[in-house]
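Work through the exercises below with the sequence and the 3D view open. Try each task before you read its solution.

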Amino acid sequence: MKIGVIGPKDLVKKVVSVSKEFRNLEAVPLEYKIETEAPAIVEANQHLFDGILFTGPIPYYLCASEINQLVVWDYVPYRSTGLVMSLLDVLRVFPQYLEKEFSISVDTLAESEVVEIIDEAQVPVKVVYTREFSPNTNANQDFCAFHETMYRENKVNVCITCLKSAYKVLKDKGIPVFTITPSVHTIRGTLQRMILEMKSNKMELLRTVVGVIVPNELSNNSAKKRKDLMKIYNVLLEYASRKNLLVFPRMESSFILIETYGQLMLDTDNFKHDPLRTQVLVSTGIDVCVGYGVGINASMAEEYAMNAVELTMKKGGKGCYIFDGTTVIGPLDENGIGSFELETQDNNLTVLSEKTGLTISNLSRTLKALEMLNDHFSATDLASILRISPKTARRILAKLIKADIVRVVGTRSNIGAGRPTKVYELVNGSVVTEGKRSDA
């Protein structure tokens, strides 16, 4: 198996070094200077690998939001050991803080998590200022401005960052800054999990899922509102850490959770219940509305998750729904689940569904995928976008040929043994969507 490791040079080097412990695993460095370079690098290279491993959650989120996942993706999480190691580095460089209290600023990690780690490590930190990652900002600029302001205003003595790019900027400005880096143990565990995912080779289960969590009711008192939101966030952080998911605040009063379709199936026992909503309610006494969206990237999945939240709210805020753009699964509650397709006004889609024998949901997904392909494509190309096997893609294409949507225009020779690959194109170079024909 072959993976691309993407991140700053030193972290990539560390991950590649740990990967040598695993037989039959080749790790190829894909280095960047700043996190915003990650999407372009992944888009240009992911087809060369069985998987892409990010050295942190921020470049993973940037890529999940901007490009389509074609292979297994995973990221090395920030664990408590990383912060503890950074604090030990602070005490080594500034031994006076062994007996004297000092204040710090930390980015990416949640305040409650940082405070808990400091208490357990018994480090004499007086005050902690934190800045969590926000999907609506440039992490490098935001974190650099945060740390510099805290230091220049004499609120902190030391800055701790999870971003290597921020570390370099702050270091050049003469600000005492340290980085949080993953331990060998954390990297090893991530590689083990990733190898299992690549061996399963079930791309359908690796589709991106975004969960949006919105409290049903919040107090009008601003202090109590902030306190309740922090309670909810702490529960989400604990839940995400236990299941190795990515979670962060979405807007002022909502949160976002990113996982895979396979993880969601496992956590909900094949969509029979929603343990996340239950855990929040039991731990905080606050009921939340949860909607999950399934898409080919995080942006699309988030849009569908909001549709699912709206549907849940229309049902009184009870239960939980999953939406993939056409089909709704839910509600996930003690009464079991059902599924249904949202009504469509697209008569062409309904007619094509009858002609092809594909459900409206599968047909809609397939047509969206066809819009993303080049003029000439193979079953493997379609399979990569839909995250299904090439065999299943060929069956779908056979049905689309009968419906006069695509046609075979030739073959493509393969390197080595094997039959030539069929090459397809859209009939009239267009795809039927939303009741009309649009140029593909």
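**Exercise 1. Which residues of α3 are buried?**

Solution. Start with the list: Pro57, Ile58, Pro59, Tyr60, Tyr61, Leu62, Cys63, Ala64 and Ser65 are the buried residues of α3. Buried means under 20% relative accessible area, exposed over 50%, and partly exposed in between, with a 1.4 Å probe and protein chains only. Helices (H or I, at least four residues) and strands (E, at least two) are DSSP runs, numbered from the N terminus. Now draw the conclusion. Nine of the 10 residues of helix α3 (residues 57-66) are buried, so α3 is largely enclosed by the rest of the structure.

Two notes before going on. This is a predicted model, in which local features need pLDDT of at least 70 and side-chain atom pairs count only at pLDDT 80 or more, while totals for chains, interfaces and linings use all residues. Residues are numbered from 1 along each chain as its sequence is written, and side-chain values use heavy atoms, with hydrogens and water left out.

**Exercise 2. Describe the protein chain as a whole.**

Solution. Step one: count the elements. The protein chain has 16 helices and 19 strands. Step two: judge the compactness. The radius of gyration is 24 Å, close to the 22 Å that the globule rule gives for 440 residues, so the chain is as compact as a globular protein of that length. That radius is taken over C-alpha atoms, and the rule is 2.2 Å times the number of residues to the power 0.38. Step three: take the box. Along the principal axes, the C-alpha atoms fill roughly 80 × 55 × 35 Å. Step four: look at burial and surface. Buried residues make up 52% of the 440 residues. The accessible surface comes to about 21,100 Å², and 49% of this belongs to carbon and sulfur atoms. Such areas come from the Shrake-Rupley method with a 1.4 Å probe; for residues, only the protein chains shown count as cover. Step five: check the contacts (heavy atoms within 4.5 Å). Of those with a separation of 6 or more, 59% join residues 24 or more positions apart.

**Exercise 3. Which members of the largest nonpolar core touch the most other members?**

Solution. First, the term. A nonpolar core is a set of buried Ala, Val, Leu, Ile, Met, Phe, Trp, Tyr and Cys residues joined through side-chain atoms within 4.5 Å. Next, the answer. The largest core has 66 residues, and Ile6, Ile52, Phe54 and Trp73 touch the most other members. Helix α9 (residues 222-243) gives this core its largest share, eight residues. A second, separate core of 24 residues includes Ala369, Ile388, Leu400 and Val406. Finally, zoom in on Ile6. Beyond its neighbours within four places in sequence, its contacts include Val12, Leu30, Ile52 and Phe54.

**Exercise 4. Find the two faces of helix α1.**

Solution. Mark the buried residues of α1 (residues 9-19): Leu11, Val12, Val15, Val16, Val18 and Ser19. They cover an arc of only 160° around the axis, which puts them on the same side of α1. The arc is that of the directions from the helix axis to the C-beta atoms. Recall the geometry: an α-helix has 3.6 residues a turn, so residues three or four places apart point the same way. Now turn the helix. The face away from the buried side carries the exposed residues Lys9 and Lys13. Last, check Ser19. Its relative accessible area is 3%. Leaving aside neighbours within four places in sequence, Ser19 is in contact with Leu25, Ala27 and Leu191.

**Exercise 5. Compare the settings of Thr108 and Gln122.**

Solution. Begin with the background: most residues other than glycine have a negative phi. Thr108 has a positive phi of about 75° although it is not a glycine. For Gln122, phi is near 55°, also positive. Then place them. Thr108 is in strand β5 (residues 102-108), while Gln122 is in the loop between α5 and β6 (125-132). Burial comes next. Thr108 counts as buried at 15% relative accessibility; Gln122 counts as exposed at 70%. Finish with the partners of Thr108. Its side chain makes a polar contact of 2.9 Å with that of Asp107. A polar contact is a pair of N or O atoms within 3.5 Å; within protein, one must be able to donate a hydrogen and the other to accept it, and residues adjacent in sequence count only if both atoms are side-chain atoms. Among the contacts of Thr108 beyond four places in sequence are Ile58, Tyr78 and Cys162.
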